Amino acid sequence: MSQIFVHIFILLVLPPLLLGVIVKTKALFAGRNGAPLLQPYYDLIRLFQKGSVFSTTTTWVFRAGPVVGLATALLAGMLIPFGRHSAPVSFAGDMILFAYLFALGRFFTASAALDTGSAFEGMGAAREVTFSCLAEPALFFCFLVLAKLSASLSLTTMLDGTFPLGAGVAAPSLVLVAASLFIVLLVENSRIPFDDPNTHLELTMIHEVMVLDHSGPALGMIQYGAAMKLFVMGAVLLRVVAPFEAGNVWADWGLFIAGMLGLAVVIGVVESVMARFRMVFVPTFLVAACLLSVFGVILLLR
Amino acid sequence: MAWYLFLVPLMFAALAAAAPSNRWRPWLVPAGGLTHLVLTGIAVTGEPVSALKGWLVLDPVSTLVLGFVSLMFFLCSLYAPAYLALRPERSNRVFCACLLAMLGMMTLVIIAHHLGLMWVAIEATTLATAPLLFFNHSPRSLEATWKYLLIGSVGIALALLGTFFLAYSSIHEGLEPTLLLDDLVNLAPKLSPPWLHAAFVLLLVGYGTKMGLAPMHTWKPDAYGEAPGLVGALLAGGVTSCAFLAILRFYQICRNAPEAAFAREILIFIGLLSMAVAAVFVIRQRDFKRMLAYSSVEHMGILVLGIGIGGMATFGALLHMITNGLTKGVMFLSAGNIHRAYDSKSTDDVRGAMQRLPISGPLFLAGFLMVTGSPPGGPFISEFTILIGTIQSGHYWVAGLFLALLAIVFIGMGATVLRVVQGVPTAKAMATPYRDRPQLVIPIIVFFVLALVLGIWIPHSLHDQLQQAATYLEGGHS
Amino acid sequence: MNEWMVIAGIICHALSGVPGLFVRHDPSTGQRLAAVLAVAGSVLGITGSLAALWNPVQLIPLMRLDAIAAIFLIPIFLVSALGSIYGLEYWAQADHPENGRKLRLFYGFVTAGLAGVAVAANSILFMFAWEVMALSAFFLVTTEDDKREVREAGLLYLVVTHFSTLCLFALFAIWYVATGSFALAALPPGAVTPTVATVLFVLLVIAFGFKAGLMPFHIWLPSAHAMAPSQVSALMSGVMIKIGIYGLVRMVSWLPDPPVWWGGSLLALGTLSGVLGVVFALGQHDLKRLLAYHSIENIGIIVMGLGLALVGRSLNVKAWIVLGLAGALLHVWNHGLFKALLFLSAGSVIHSTRTRTIDQLGGLAATMPRTALFFAIGAVAICGLPPLNGFVSELFIYLGLFRTLGIGTEPSWGVAAFAAAMLALIGALAVACFVKAFGAVFLGVARSDSALHAHESGRAMTGPMLVLAACCLIIGLIPWAVGPMLGKGVAAWMPDSVVGFPPLGTLAPLGWISVAGFTLVGLLMGLGAIYTVRVSRSRVAAAGTWDCGYAAPTPNMQYTASSFAQMLGSFFVWVLRPQVNASGKQAVFPGRTHFHSHVMDLVLDEVLRPAYQIVVRLSSWLHFFQAGNIHAYLSYIVIFLIVLLLWR
Amino acid sequence: MNNFIDPILVLVLLLNFVALGASRMRTVIQAVAVQGMLLGVLIALAHGSLVLWVAMMALATIFLKGVVIPRMLFHAIRDVVIRREVEPIVGFIASLFLGAVGTGLAVLFARTLPIAHGDMGSLIVPAALSTVLTGFLMLTTRTKAITQVVGYLILENGVFIFGMLLMEAIPFLVELGVLLDLFVAIFVMGIIIHKISREFSSVSTQMLSELKE
């Protein structure tokens, strides 16, 4: 029971820190000492205290966007095992709920963007839904591989690091899955090289351009939700690449947090060493991700 | 009794020819029709009819056909007075007389068991019909009549030759020469094959011309297109049934002979050919009366196809003769009304019939749906039975072709019919004096109801009659 | 008892339009009577069907009212009644004196026909009901037969439905020859040779595929749905195409020992239909055509479930049967609910703006808030997103497909697993398509005057939508309530092996779904509350949309539906093949320019129409033989005579 | 007397060729008239003894085919004040040639139909068939309505010739009926021709191709 509270606590508190770590890493690479690690927290608090501006064209849909985005991320977080600790909510088919929760969030954030009636935000919404059409199958192929390997239909058991078929069979597919998941993670969370969260050229943005009109608490919820999404998907990836455990309950928590921060560093490194791709290449990479995971499945079915 | 059956109508015909008044003469037609219907009722229910030492007999098949033709004629005759009232400008003396004469001659065809006599009667029917086609006295009707007459007569002449061949086939084997159906059926196994073979072909072509089977159907679109709807209905429902009966007679003989397989083969072939020809010509058909003619060609094809298949299909074919006839009654009469209302029968001018004619228009559409075999309707049951028979007898490809052709015909007719009934009528059409009157639509409604009822429930007596007729044709004596 | 309630319900519906024919003085009386009769009939029918779920009735030789029939009857009655209420305002007799009566008459007939098909246990009766349904639907589609495009849609529909009827002829004829009776019941093993069984299977896939609008038999569906009045579209798309599914589900279950490839091919067809359906939906500019193509997509999903169940039956894996069939049946319900909801709300838009063109609408959420909300609910549901009903049925199918990998002790038929990923693709595309539709129609700024002056519809139209939306939510939140009914359906599908069926509850996390659903709702409410409180406590300013510094934004600068779908469309350009007609780039100072793109239907416009043109040309060549020359006619006779004489 | 039959049949065949080759309408009609009379004679000969009904039959045939019908045809062309040529579609030589071919075919086909022993005239079947074919030839290659009627007559004659083989089989009544029908048919055709000539001021059936697809 206490584990559940720890899980929820981590889910609520840790996500912004990842952003902080990423920014710090990039700063160090750039030779600056950069913003403090806790900067994202200050931003969120500031945003929550600000007032808001609403476009005259908007309706309830515009306000629903951020709320739904955050709520779905939260619930999705409850379905993912953190480290060795099984998820608070876990049942056969929860991975499907996991994927569809993010789809629900996407539906409303994109709608909210269209609600403003701005050409740029429409553009962003279009890109968001378009790319996810390619990301979704990739994600599901990964799930298929994991389900086959772990002979189960629930994320907790999929990710508990035990493979009835034996590590020999599992390893090749898992590598492919990890690669695929990493690409999906970067795209879905609009990271370099696919998207640049702090660019200032609207024409080239995907996620950020959708939220141009949100302000104050709404913007805060959006950023918080985004961070949480990154965290949750990161947790999945972490379990695939490093299903380690340290026997002791609290040590496992520590291991998990360390792992997440490590992942953040990796992302930071990637963002520092790579340039942003042209928009037209994004689909190519997503298709590649799909193919990787398809091979993963085929390896198992042969 | 047999005598009355065909003499009474002729009497009425004479009466009509003599009658002075153009106004009440038409009423002789329904009168004659009713009398004939009553006589038929008596004949059918009473003791077996036979006269003239077996020349005139009422066997199961002829009972069926007679009842149907008599009913058909009666319903059409109800329509006649109102129709002729629409055409006061022209004398209907010849028209009425010929209608009644036609009835008499058809009756004679049906009850004749002497093939020569039957031939005479059929030729007489042709001659009696010619003036009916010519009723409109327009150049086009003249052309139609000429074609009908010449092609019909030539065909019939061939049939006569065929009849002679048949007779000779018995002489040749040194048997007692005869043209009596029953004797021939019994002698069939002994008849000389080559003569019988030739005879069957000649008769099929000859009476096939009369029935309108492809490729002898060429007169049909012209005749049906130019004739008044009433006459069209009688031709498509009555006369063709008589010709069909004639073909049945000779099939009866052949199926006892070694020629049976050949006969079946030919019948199936002609049946499919007729359906195919109809399919080709209904596509993009502009003239909805000619379309009906081709539909009639198609259904004649279905009839002979069913006979060729045999077994359950024979039952289906006999039933189809009735259901198709009734449905054709609906279509021709309503088409006639539409023609009157728009005075055009081309889909270029005719549209919105459902608005222009609140009763005839929908009936026309309903008739189309029925005749193309949409359930629930009489033709559906009969066609379905034929299909089952076809599959039962293992003619899978025939069944496939059958369905495919039905589909094509449906597309062709559907396009034309919908163009007629849907949309908004032109102002010119709204201006014409014609309006749906009770006398003009009630017969159609009766036809429709009968056809529909046959689709939902076949009366027990009729079912028995059909069953007997089928077994009688298939050689079992009942 | 309950069968008589159903029969009474059918009769009520059949007669619902009749009184209106005789009430001429006061236009509203007839339609009120019709609605009352329809509602009464539906209440009777639904009660009877629900009762029949637990004690099925068999009135051989005519009628069978078992779980499967009941499951299909319930949406028929529900949607039909709601539609006729909706019609009171949408197609008020006062506004449409010329065709209102006709519409209501045939509306009743269609409902009766549909219900008749569902309960028929005799092939002749089946075909009667079938044709009554099909033909009445034709008259509904051509309600406005003064419009040319309506007439064309009507002809197309009529031809296609007759094709499927002819296939039924063949099907039932063979059935009769095989069984020797018109009674419809399961064929005992070995009743037919494998060849005949295959022929039957192919025939029924074609016949019912046409009615269900399964790719590639969908050709009639888009135009018919677009041209019909909206409550009719709701009925057709919601329940009429499901009767095709009914036929498929029912008859397939009666064919003995199916080979695996049957289920496999169904699975493939379903996937194809699902993906292409939604892809073509992306290309549409007409709101109702878009919804119509989504029907094709959802039919595909249903058939996927059925195919899975069939595979399970061939390999004798009960879990696949249960999950696949339960998913299919539940999706039949769900699609009936949310697609009807979507068509009704689309109708409400059309009713107030008089246009179906998406790119002329926009900003309606402000003027028609209720309609917008209902459309949003429908959209979320049809995308299969939690916490609504669409998610539940798709989850079942997902679980079944995942299980084909061979989870635990079950055998593995991994090919099917790819369908799971395709289903994910379908879901994502559906989200894209409905964001586009919802956004372009209801959000942003009005793109035309008609959209600018839109007004909310009255109670008679919003009421039915409310009911449907509520049903979507209920099924989505408490699926364990419908679980047992589906179990009955599954059991009825395989009467021979009722024993040892794992109950749906053990295979699908019904309880957890509702936990998750309620949690989600709770979170939404909580966060929503916090947010609103936060906003209300702080300073709020209203301003124009931030347009990145552009001087004079106009409504035309919004992202339109076409531009929204442009990028996705470019991925599928190989199948969509849009015909673009645009004035190209211009000089330094561009003048007026135009852009128009149109997506043809792959099967209809690019295969069938050309083929038919060839047939027409061929036949017009052959017309030469009927050239009016009597000499030619006579020579045909001679030639034919000689041919026949030389035949043998 | 049966040895007279074959010569007469030869005459009939020759008359076919006359009908085919003649360019003037009068000649054609006369040829058919003569043919009809010959048929009457044939009846008498075919049936050995000259019983009453046979005599009546023969006379009726001669009267009808040889006198009445030709009269009607002459009448028809007299009304129609137009050129009296036959106006063939196929030239005379060609049609003669075709006629010859037809006759040949008829003889060949007659081979396949065995004649019973003790039957008179081995020529009957070929003659009948070739006359029928000639009739068809006239029907299909001559434009004028009247010529087509003549063709129909010749066709009918051909059938009639075959009838010789079964005098006994076909009762008197039927024979009369056949003749009557023939008469009425020609009569009605005559009327129609009359109307046609009034409508189109020509009896050429080329005019009659309005009704077509």
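# Notebook: a predicted four-chain model

**Entry 1, a strand pair across chains.** I started where chain A meets chain C: strand E1 of chain A (residues 52-55) is joined to E3(C) by four bridges, and the two strands run parallel. I keep in mind that this is a predicted model. I also looked up what A:Ser52 faces, and found C:Val540 of E3(C) opposite A:Ser52.

**Entry 2, the rest of the A–C contact.** Next I wanted to know which pair of chains has the most contacts. Four pairs of chains touch, and chains A and C have the most contacts among them. I noted 63 residues from chain C and 67 residues from chain A in this contact. On the side of chain C that touches chain A, I listed the elements that supply at least two residues each: the helices H14 (364-367), H16 (389-403), H17 (415-442), H22 (510-537) and H23 (561-571), plus strand E3 (540-543). Which of them gives the most? H17(C) does, with 13 residues. I sorted this side of chain C by class too, and got 47 nonpolar, 13 polar and three charged residues.

**Entry 3, chains C and D.** I then turned to chain D. Here eleven residues of chain D are in contact with ten residues of chain C. By class, the side of chain D that touches chain C has five nonpolar, three polar and three charged residues.

**Entry 4, pairs without contact.** I checked chain A against the other two chains as well. Chain A and chain B do not touch, and I found their nearest C-alpha atoms 41 Å apart. For chain A and chain D there is no contact either, with 56 Å between the closest C-alpha atoms.

**Entry 5, domains of chain C.** I looked up the domain assignment of chain C. Domain 1 is written in three pieces, 315-495, 502-526 and 559-580, while domain 2 covers 602-634. Taken over C-alpha atoms, the centres of domain 1 and domain 2 of chain C are 46 Å apart.

**Entry 6, two helices in chain B.** I moved to chain B and picked H8 (residues 193-211) and H10 (residues 229-255). Their axes come within 9 Å and cross at roughly 170°. Why do I call H8(B) and H10(B) roughly antiparallel? Because angles over 145 degrees count as roughly antiparallel, H8(B) is roughly antiparallel to H10(B). The crossing of H8(B) and H10(B) is left-handed. From H8(B), the residues in contact include B:Leu196, B:Phe200, B:Leu203 and B:Tyr207. On the H10(B) side I noted several, among them B:Ala243, B:Phe244, B:Ile247 and B:Phe250. By class, the contact of H8(B) with H10(B) has twelve nonpolar, one polar and one charged residues.

**Entry 7, backbone oddments.** Last, I went through the loops. The peptide bond from B:Ala214 to B:Pro215 is cis, with omega near -5°. I placed B:Pro215 in the loop between H8 and helix H9 (219-226) of chain B. Chain C has a cis bond to note as well, from C:Pro386 to C:Pro387, with omega near 0°. C:Pro387 sits in the loop between helix H15 (369-382) and H16 of chain C. Back in chain B, I asked where B:His137 is found. B:His137 is in the loop between helix H5 (115-133) and helix H6 (139-172) of chain B. B:His137 is not a glycine, yet I read a positive phi of about 55° there.

Methods. Residues numbered from 1 in each chain as written. Chains lettered and ligands numbered in written order. Predicted model: local features only at pLDDT ≥ 70, side-chain atom pairs only at ≥ 80, totals over all residues. Axes fitted to C-alpha atoms, helices over the stretch in contact; angles between N-to-C directions. Parallel < 35°, antiparallel > 145°, perpendicular 65-115°, else oblique. Left-handed = near helix turned anticlockwise from the far one by under 90°. Contact = placed C-beta atoms within 7 Å. Nonpolar A, V, L, I, M, F, W, Y, C, P; charged D, E, K, R; others polar. Domains from an automatic or database assignment. Pairing = 2+ DSSP bridges.
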